[in-house]
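Morning, everyone. Please have the sequence and the model open while I talk.

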Amino acid sequence: MTAERTPLPRTELADLLTDAAQSVSEILTAEYPTAANRSYLHPVLGALSAGPRVACELNDRLEAFVADEPRPTTPAGLFTLASYAAALGWLAESLAELTTSIDQICTRAGIPTQAQDPGLAAHGSAARDGDFAFSTLELVAIRTAAEAAGLTPGDYVEVLSESLLAASRITDACMEISSGLLEDAAYVGDEATDHIWLGDGPNGLPTLVRSLLARMEAAE
């Protein structure tokens with residue numbers, strides 16, 4: 001006969017969510033050496049290198065949590081499981097979007113280009129390309145980086161802008177995931193809270209679950 005396992009105490013459940021939040025936030029500070037001919041990828045390479053590792057670690061922890069408590073039945077256990085699973089799913093989706101964006105950037109950078117970009121080649125203290133104004137020093141840096149990457153200055157600015165946008169998206173996602181996990185951890189760990197996830201409405205759901213539901217409704 002299988003011995004009945006004792007549910008994890010709320011402090012340990014809160015620690016599980018807190019540790020997950022810390023792991024996700026570490027994606028934002030990860031560094032990865034970038035070759036000069038791929039400098040336009042520098043904004044995203046840290047997240048690309050660290051993201052899959054963090055997702056794998058979080059998945060392993062989730063499997064261990066389920067193995068320790070096969071069918072969480074306590075309100076705190078169910079709440080923690082829902083929050084953690086939502087965070088892992090959100091992170092996996094965000095990393096998939098990041099990978100797609102990087103693939104598009106690499107494809108764009110590999111397209112043969114023709115000599116162009118009179119705006120960036122203009123003389124003076126600044127030149128304007130779209131909504132961006134560049135100083136003379138910035139133009140020199142762009143030309144140098146573009147030459148190392150085998151791109152025209154205009155194409156270099158374009159792929160770098162796409163890279164910065166992708167970096168901004170994964171940063172926003174990781175920050176929201178991390179803050180949501182911390183908020184749920186504080187709720188689970190608060191011994192003064194007698195009732196967890198007992199309400200009928202969405203207010204009784206974990207922070208990240210509510211956020212995902214709101215995103216789904218906005219997308220409809």
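I'll start with the whole chain, then take the helix pairs, then three residues.

A word of caution before the numbers: this is a predicted model. The chain has 220 residues, and 37% of them count as buried. About 12500 Å² is exposed. Carbon and sulfur atoms supply 56% of that area.

Now the layout. The chain holds seven helices and two strands. What order do the elements run in from the N terminus? The answer is α-α-α-α-β-β-α-α-α. So picture four helices, then the two strands, then three helices.

How do the contacts spread along the sequence? Take contacts between residues at least 6 apart. Of these, 74% join residues at least 24 apart.

On to the helix pairs. Start with helix α1, residues 10-26, against α2. Their axes are 10 Å apart, and the angle is about 170°. Anything over 145 degrees counts as roughly antiparallel. Therefore α1 and α2 are roughly antiparallel to each other.

Which residues meet there? From α1 we have L13, L16, D19, A20, S23 and V24. From α2 we have V54, L58, R61 and F65. By class, the contact of α1 with α2 has seven nonpolar residues, one polar and two charged.

Next pair: helix α2, residues 42-68, and helix α3, residues 75-110. Their axes come within 10 Å. They cross at roughly 155°. That makes α2 roughly antiparallel to α3. What is the handedness of the crossing of α2 and α3? Left-handed. The residues in the contact of α2 with α3 split into 17 nonpolar, four polar and one charged.

Third pair: α3 and helix α6, which covers residues 153-189. Here the packing angle is about 175°, and the axes are 10 Å apart. So α3 is roughly antiparallel to α6. The contact of α3 with α6 involves 19 nonpolar residues, five polar and seven charged.

Now three single residues. First, S23. It sits in helix α1. Is S23 buried or exposed? Its relative accessibility is 6%. The cut-off for buried is under 20%, so S23 counts as buried. What does S23 touch, leaving aside its neighbours within four places in sequence? V54, L58 and R61. We met those names a moment ago: V54, L58 and R61 are among the α2 residues that meet α1.

Second, T99, in helix α3. Its relative accessible area is 44%. That falls between the 20% and 50% cut-offs, so T99 is partly exposed. Look at A47 as well. T99 and A47 are 52 residues apart along the chain, and their C-alpha atoms are separated by 10.0 Å.

Third, A36. This residue lies in the loop between α1 and α2. Its relative accessible area is 55%. Exposed means over 50%, so A36 is exposed. Which residues does A36 contact, leaving aside neighbours within four places in sequence? A148 and A149. A36 and A146 are 110 residues apart along the chain. Their C-alpha atoms are separated by 9.4 Å.

To recap the pairs: α1 and α2 are roughly antiparallel. α2 and α3 are roughly antiparallel. α3 and α6 are roughly antiparallel. And of the three residues, S23 is buried, T99 is partly exposed, and A36 is exposed.

Technical notes. Residues are numbered from 1 along each chain as its sequence is written. This is a predicted model: local features need pLDDT of at least 70, side-chain atom pairs count only at pLDDT 80 or more; totals for chains, interfaces and linings use all residues. Side-chain values use heavy atoms; hydrogens and water are left out. Buried means under 20% relative accessible area, exposed over 50%, partly exposed in between (1.4 Å probe, protein chains only). Contact means heavy atoms within 4.5 Å. Accessible areas come from the Shrake-Rupley method with a 1.4 Å probe; for residues, only the protein chains shown count as cover. Axes are lines fitted to C-alpha atoms, for helices over the stretch in contact, and angles run from 0 to 180 degrees between N-to-C directions. Angles under 35 degrees count as roughly parallel, over 145 as roughly antiparallel, 65 to 115 as roughly perpendicular and the rest as oblique. A crossing is left-handed if the near helix is turned anticlockwise from the far one by less than a right angle, and right-handed if clockwise. Ala, Val, Leu, Ile, Met, Phe, Trp, Tyr, Cys and Pro count as nonpolar, Asp, Glu, Lys and Arg as charged, and the others, Gly among them, as polar.
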